[in-house]
Amino acid sequence: MIHFVLLISRQGKVRLTKWYSPYSQKERSKVIRELSGMILTRGPKLSNFVEWRGFKVVYKRYASLYFCMCINQEDNELEILEIIHHFVEILDRYFGSVCELDLIFNFHKAYYILDEILIAGELQESSKKTVARLVSAQDSLVDAAKEEANSISNIIAQATK
Amino acid sequence: MNPFSSGTRLSWVRIKVLFHCRDMIRAIRACKTAAEERAVVRKECASIRAAVSDNDQDYRHRNLAKLMFIHMLGYPTHFGQMECLKLIAAPGFPEKRIGYLGLMLLLDERQEVLMLVTNSLKQDLNHTNQYIVGLALCALGNICSAEMARDLAPEVERLLQFRDPNVRKKAALCSIRIVKKVPDLAENFVNPVVSLLKEKHHGVLLTGIQLCIDLCKLSEEALEYFRKKCTEGLVKVLKDVVNSPYAPEYDVGGIADPFLHIRLLRLLRVLGHGDADASDCMNDILAQVATKTESNKNAGNAILYECVETIMSIEDNSGLRVLAINILGRFLSNRDNNIRYVALNMLMKAVSVDDQAVQRHRVTILECVKDSDASIRKRALELVYLLVNESNVQPLTKELIDYLQVSDQDFKEDLTAKICSIVEKLSPDKIWYIDQMLKVLPQAGNYVKDEVWHALIVVITNASNLHGYTVRSLYKAIQTSGDQETLVRVAVWCIGEYGDMLVNNIGMLNVEEPITVTENDAVDVIQIAIKRHTLDLTTRAMCLIALLKLSSRFPSCSQRIKDIITQSKGSLLLELQQRSIEFDSIIEKHQNIRSALVERMPVLDEATYSGRRAGSMRATVSTSHGTALNLPNGVAKTAAAPLVDLLDLGAEEPAAPSSSGGNFLQDLLDVDTSSSSQSGTTQPQKSGTDVLLDLLSIGSPSPQNGSSAPDILSISKDNRTSVSALDSLSSAIGPSVQASFTAGDAPMMDLLAGFGPSPPAPPPTEDNGPAYPPMVAFESSSLRIMFNLSKQPVSPQVTHIEAIFTNKSSDVYTDFIFQAAVPKFLQLHLEPASGNTLPGSGNGSITQKLQVTNTQHGKKSIVMRIRISYKLKGKDMLEEGQISNFPRDL
């Protein structure tokens, strides 16, 4: 089970956090501080696993962003690396060569995508296409609602002219 | 009124609220300092609060989006929680979407606000729009509490059969959360899962398998049920996946859906574990996965890794196990650190299954201990520790110690602990043990734990043929590595004990090269150590003791040593100051007892020490008494007992009855408490020690200390004057004393027989003071001491004792010295003895007068420790005892 997902920038700024196990607000900031201290200082050629408080944190760096997932001792670390990559590929497909700024300004979109990949700390969907389809279907629902709202306000505006 | 005159600030805030979330993010990113950022966030929060209290509907979702970003930056956002609930309760999908996102981000299962959302969730789970159902399932799966799980479980259960697979898969994962929160609900999900496992949709299959694994963990019944119903089907599914043609949708590095592979293997592991039939059923497909999976990409390795774990867990199939161990061997030689890491991880589990197979990879594993990656080093070291046994301990230890020299500082502690543990546990002989420790101490002496060097000293004392070798090796080591604390301690201790062996090259082994060390060189080492301010108190205190010992071993350096010891007299550390003063006085004033004082330590009992480490302090104290007694030349050896107290190696003072335990300082400082606590007990084997302890207890002087010891010492010097003094005193002795003075052996024995453990006190006569029969105070095969007791009626507290020493052997005793010590409540005054030569065969005697003042007269009776030293045919002899058979009312 994945206990939490963290996206941390090279500078130590948090870009996304998702907690599947209960951590209080205080614990959360402590965890983030501890882990960014451990992970950001690791050399480039080292393994992608860090042992931490009896858990393992699997991390992978993509450009300026570190994707970290915390798992149990007995979980498959190599698979988690694949899940991280799966997430990154879907982000990339959605934003069209994703960069850190995309995730900053559209952080909610990143969360929506993550929610289509993981629930309760477990993998939900192994098909990138399916995830992309589901996210865009929901995006279009939102767009449709917006348009509707706009057209209604237009009608009201015209009626009150 | 002009709206722009006074209301600027207000309207600015107003405008700001209307900004898009993007603009806020931009504003925050533009901040140069943390203070600026805080200011922006504060303003935003203020405006959002204002909007919240206005119940502003139009911009609610925008405000929530801002709040989520602010939350991510680590600011408090609790005031936005209710906004989430309002958005979720709104009818439209966009509001619900952002509402649920906010709910998952800003709240967790422990907030009570969460309960308020249960009703909305229930409605949304029954919504006609499948995406809204999806949102609700996702939120429920990520943050639901036990109460919510119980309330909403029926809805989720129903959704497992929803027409759209994307809802079914979400419902399956949501069920995992529910059964984890409320394990009683597990049985409700067993049947729906069976049908999920038959699905074709990968998402549903994936999540269904995961739910199945979690149900198996929760319920043995469920596991049994799935094992019967699903094993074959799952094996077939895995076969299909393994053999499936290229499917771009699921392809990862040439493998179709590695995630599904891994989950299937994981579930098969759960089903096959502990069941031979189920294990048999999956043998073929596991063999196929293990042999056919491409291992050039991470995805393939992830599958192989999972497959190996499954093979290791299911019931024994030796062919498959060989396959698995070979895969791990390949992993281990992989250049990718991740692969090596998981290989080490898995080998740890494999050790218990097949130790031999893992041993084959020992060399490679050992290389991993030296890896640059801390995660790999840690794993490898733990694995090596599991692999060490009697047959390979020597080469493995050598490798580890060699690596110790070059390892990272932060890894040294772990590594040192493991090496010490291996060496202690599996050393084939003492010289090897000592050799290995002598290699570790100079490298990592600062990381060695106290119990490790204590154990080393115990081993050294027991290896009598290696004393010389050890002390010389330590001498060499300390020349180069004087900054390693524990090395210094062990070296200083050994030089103090075996300094003579160091200088004279005694006990040379064949492998050794002779070294020339002068007495001054040996003292130099300790002088340097004591001056090194980085070393701690314990080490420097040990240095002082070593110096005291050397002052006796190396008489020529005595003056120099005295100077060094004196330098600590002004130390601000009480311990050092006290030791310095005490030792100085020993060197200065008590030269004739010094050599006895600083005799070599008795051999420390290994069993006792290991027993101590196990924590049974009390029990072993008594056994160590026994061992002290059983030693050959017991009398001479026990004389060294106080030295044990003085040197107290943390906890191993075999003969000390005080249970002060590991406190290094206590035994020295608590001399008086320990001596009075012993006073009531009869422990002849360690009597006499208190004399020495009292001599040393300058910090808390009791009257007899100052007076008795110098008197004893002066006896041998001016015998003639003392004889005349005795003459004048002897006139005061009562008639009964006179009688016993001349009495032979037999009547004395009779008199003794009359004294039970509690002799009846003779009725006191008022005019002449009480009369006491003479008592045998001490008797050994070679010596008898009679005490004649008398009291003056004016001072009932004061007892006059005339001691009469008789030689029972046929040889003459020369240099005869009698010493006595008493507990604190007594004061002892020793008169000079009548002579220092005791003729043989009872042909003469020495008398000596003692005066004991009992400050607790009437409450406590007199006890006394005695020690007699003399020369028999030029050989030093020593006898000790405790006298506790004094009449009660003295």
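Which residues does Ala463(B) touch, if we leave out those up to four places away in sequence? Hold on to that one for a moment, everyone, and I'll come back to it. What we have on screen is a predicted model, so please keep that in mind throughout.

Let's begin with chain A. Its 161 residues are 60% buried. It has five helices and seven strands, and if you walk along the sequence the order is β-β-α-β-β-β-α-α-α-β-β-α. For those of you who like contact maps: taking contacts in chain A between residues at least 6 apart in sequence, 45% join residues at least 24 apart.

Now, how do the two chains meet? Chain A brings 63 residues to the contact and chain B brings 69. Together they bury about 5800 Å², and carbon and sulfur atoms give 54% of that. On the chain A side, three residues deserve a name: Leu78(A), Phe105(A) and Phe107(A) supply 12% of the area that chain A buries against chain B, more than any other three residues.

Next, the open space. The largest pocket comes out at about 930 Å³. There are 29 lining residues, and the ones closest to the centre of this pocket are Val142(A), Lys146(A), His20(B), His61(B) and Pro94(B), so you can see names from both chains in that list. Which helix gives the largest share of this lining? Helix 5 of chain A does, with ten residues. At least two residues each come from helix 4 and helix 5 of chain A, and from helix 2 (21-30), helix 4 (60-72) and helix 6 of chain B. If you are thinking about chemistry, the pocket lining splits into 13 nonpolar, six polar and ten charged residues.

On to the enclosed space. How many cavities of 30 Å³ or more does the structure hold? Twelve. In the largest of them there is about 190 Å³ of space. Eighteen is the size of its lining, written as 18 residues, with Glu116(A), Gln138(A), Gly134(B), Leu135(B) and Lys170(B) closest to the centre. Several helices take part here: helix 4 (107-117) and helix 5 (128-159) of chain A, plus helix 6 (93-106), helix 8 (130-143) and helix 10 (165-181) of chain B, each supply at least two lining residues. Helix 8 of chain B gives the most, with five residues. By class, the lining of this largest cavity has ten nonpolar, four polar and four charged residues.

The second largest cavity has a volume of about 80 Å³. It has 13 lining residues, and nearest its centre are Met1(A), Glu79(A), Ile80(A), Glu122(A) and Arg266(B). Helix 2 (77-95) of chain A offers the largest share of the lining, three residues. Strand 7 (122-123) of chain A and helix 14 (258-272) of chain B are also among the elements that supply at least two each. Here the classes run to six nonpolar, two polar and five charged residues.

Let me move further along chain B, to a strand I rather like. Strand 8, residues 845-854, is mostly covered: eight of its ten residues are buried. What does it pair with? One partner is strand 5 (residues 795-807) of chain B, antiparallel to strand 8 and joined to it by nine bridges. In that pairing, Thr799(B) stands opposite Val852(B). Another partner is strand 7 (residues 826-833) of chain B, also in the antiparallel sense, over six bridges. There you can find Leu830(B) opposite Leu850(B). A general reminder while you look at the side chains: in a regular strand they alternate between the two faces of the sheet.

And now back to the opening question. Ala463(B) sits in the loop between helix 25 (450-462) and helix 26 (467-480) of chain B. Is this residue buried or exposed? Its relative accessible area is 3%, under the 20% cut-off, so Ala463(B) counts as buried. The residues it touches, beyond those up to four places away in sequence, are Lys430(B) and Ile434(B). There is also a C-alpha separation to look at: Ala463(B) and Ile431(B) are 32 residues apart along the chain, and their C-alpha atoms are 8.2 Å apart.

That's my tour. Thanks for listening, and I'm happy to rotate the model for anyone who wants another look.

Conventions:
Residues are numbered from 1 along each chain as its sequence is written. Chains are lettered from A and ligands numbered from 1 in the order in which they are written. This is a predicted model: local features need pLDDT of at least 70, side-chain atom pairs count only at pLDDT 80 or more; totals for chains, interfaces and linings use all residues. Side-chain values use heavy atoms; hydrogens and water are left out. On a 1 Å grid over the protein atoms alone, a cavity is a set of points where a 1.4 Å probe fits but cannot get out, and a pocket is an open set with protein on both sides within 12 Å along at least five of seven lines; lining residues have an atom within 4 Å of a point. Grid points are joined across faces, edges and corners, and a volume is the space filled by probe spheres set on the points. Helices (H or I, at least four residues) and strands (E, at least two) are DSSP runs, numbered from the N terminus. Ala, Val, Leu, Ile, Met, Phe, Trp, Tyr, Cys and Pro count as nonpolar, Asp, Glu, Lys and Arg as charged, and the others, Gly among them, as polar. Buried means under 20% relative accessible area, exposed over 50%, partly exposed in between (1.4 Å probe, protein chains only). Two strands pair if DSSP finds at least two bridges between them. Contact means heavy atoms within 4.5 Å. Buried area is the accessible area (1.4 Å probe) that two parts lose on being put together, summed over both.
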